[in-house]
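User: I am new to this structure and would like a close look at one part of it, explained slowly and with care.

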Amino acid sequence: MTTDIETDVFEEHRPVLLGVAYRMLGRVADAEDVVQEAWLRWSGADRSEVREPRGYLVRITTRLAIDRLRQVKARGETYVGPWLPEPYVTDFGDTVPDAAERAVLADSVSLAVLVVLESLSPLERAVFVLREAFGYPYADIAAMLDRGESAVRQLGGRARKHVEERRPRYDVDPAQRRDLTERFLAASMEGDIAGLMSLLAPDVRLVGDSGGKAKAPVRVLETADKVGRFIVGAAGKGGGVPDLSFRFLEVNGGPAVLMLSGDKPDSVLQLEVLDGRIQSVYIIRNPDKLRSLAG
């Protein structure tokens, strides 16, 4: 039987467990399922032998996430159009007072990094998440994964090199990103192509994720001219979205815009910025990925 104290212990660590599971899977619903399974394991465990609850719970959650990720890869699931992670609402500004730690957490959960993590093996991804996002020593990670420490170090080094080689560079200043997002929205809705072009880097990329269930580009758009013209065209007459409204929120460690049709989530927009220009435009429209933002 689970006591109130043991329930409190689990709830204390739930945010960390969800953070680990989401970074492993890139899907909010899957991460929540994994954390729920971890709770079932915790409630049925002999906790008299658990010396460090957080480490024990992170180990269970990581192993469950690895199993889930392997199942997804084994099924060879295909996705219509470009893939982006499911938007994950964060609030590091209020919950993580240390600026350096906040920057690390925000970077590790960014859309750009999570897209790169999709190309890692489940074990590489686990080591990268535990080491780079949560700062676990290699010895602890080795124990969690039931692997030798030298093997885990090799996995970590390979994963870090892979991520560094493939992830785009961007600035993390939230105030600058918020300002550019507001100007981007204003120029888009006003059909101001010149104003929009002044905000876009020449090699800007637009990635639209619809999963084939909403209107979005089926390929990544590149260059300021193509992205600018698409945005102005799509935004004309409110983008064809009835009763359109906007709400700012923090998603995946940075400012984003939730676009609503009435009170129903229609899409999430987030920009990546470098040297004062927009480098990437992410638009998530797959309705399955917006369910957690309803209400």
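Which salt bridge do the side chains of Glu164 and Arg167 meet in, and what is its N to O distance? Please go on from there to the helices around that pair.

Analyst: This is a predicted model, and what follows should be read in that light. The side chains of Glu164 and Arg167 meet in a salt bridge with an N to O distance of 2.7 Å. Glu164 counts as partly exposed, at 45% relative accessibility, and Arg167 is partly exposed as well, with a relative accessible area of 21%. Elsewhere, salt bridges that share partners join Arg27, Glu118 and Arg125 into one network.

Helix α9, which covers residues 149–166, is also the place of His162. The side chain of His162 makes a polar contact, at 3.1 Å, with the side chain of Arg166. If its neighbours within four places in sequence are left aside, His162 is in contact with Val116, Ser119 and Leu120. His162 has a relative accessible area of 17%, and because this is under 20% it is classed as buried.

Another residue of α9, Arg160, forms a salt bridge with Glu132, and here the closest N and O atoms are 3.0 Å apart. This pair links distant parts of the chain, since Glu132 lies in helix α7 and Arg160 in helix α9, with their positions 28 residues apart in the numbering. Glu132 is partly exposed, with a relative accessible area of 29%, while Arg160, at 30% relative accessibility, counts as partly exposed too.

From α7 the picture can be carried on to α3. Helix α3 (residues 53–75) and helix α7 (residues 122–133) pack at an angle of about 145 degrees, and their axes are 9 Å apart. The crossing in which α3 passes α7 is right-handed. On the α3 side the contact is made by Val58, Thr62, Ile66, Leu69, Arg70 and Lys73, and on the α7 side by Pro122, Leu123, Arg125, Ala126 and Leu130. Sorted by class, this contact has seven nonpolar residues, one polar residue and three charged ones. Arg125 thus appears in two settings, as one of the α7 residues that touch α3 and as a member of the salt-bridge network with Arg27 and Glu118.

Helix α3 takes part in a further link through Arg68, whose side chain meets that of Asp33 in a salt bridge of 3.9 Å, N to O. This pair too links distant parts of the chain, with Asp33 in helix α2 (residues 28–43), Arg68 in helix α3, and 35 residues from one to the other. Asp33 is partly exposed, with a relative accessible area of 40%, and Arg68 counts as partly exposed at 22% relative accessibility. To place these pairs in the whole, the structure holds 21 salt bridges, among them Glu164 with Arg167, Glu132 with Arg160 and Asp33 with Arg68.

Away from these helices, two loop residues deserve a short remark on their backbone. Most residues other than glycine have a negative phi. Asn252, however, has a positive phi, near 50 degrees, and its place is in the loop between β3 (244–251) and β4 (254–261). Asp275 likewise has a positive phi, of about 55 degrees, although it is not a glycine, and its place is in the loop between β5 (264–274) and β6 (277–284). As for their surroundings, Asn252 is buried, with a relative accessible area of 2%, whereas Asp275 counts as exposed at 63% relative accessibility.

Note on methods: Residues are numbered from 1 along each chain as its sequence is written. This is a predicted model: local features need pLDDT of at least 70, side-chain atom pairs count only at pLDDT 80 or more; totals for chains, interfaces and linings use all residues. Side-chain values use heavy atoms; hydrogens and water are left out. Axes are lines fitted to C-alpha atoms, for helices over the stretch in contact, and angles run from 0 to 180 degrees between N-to-C directions. Helices (H or I, at least four residues) and strands (E, at least two) are DSSP runs, numbered from the N terminus. A crossing is left-handed if the near helix is turned anticlockwise from the far one by less than a right angle, and right-handed if clockwise. Contact means heavy atoms within 4.5 Å. Ala, Val, Leu, Ile, Met, Phe, Trp, Tyr, Cys and Pro count as nonpolar, Asp, Glu, Lys and Arg as charged, and the others, Gly among them, as polar. Buried means under 20% relative accessible area, exposed over 50%, partly exposed in between (1.4 Å probe, protein chains only). A polar contact is a pair of N or O atoms within 3.5 Å; within protein, one must be able to donate a hydrogen and the other to accept it, and residues adjacent in sequence count only if both atoms are side-chain atoms. A salt bridge is a side-chain nitrogen of Lys or Arg within 4 Å of a carboxyl oxygen of Asp or Glu.
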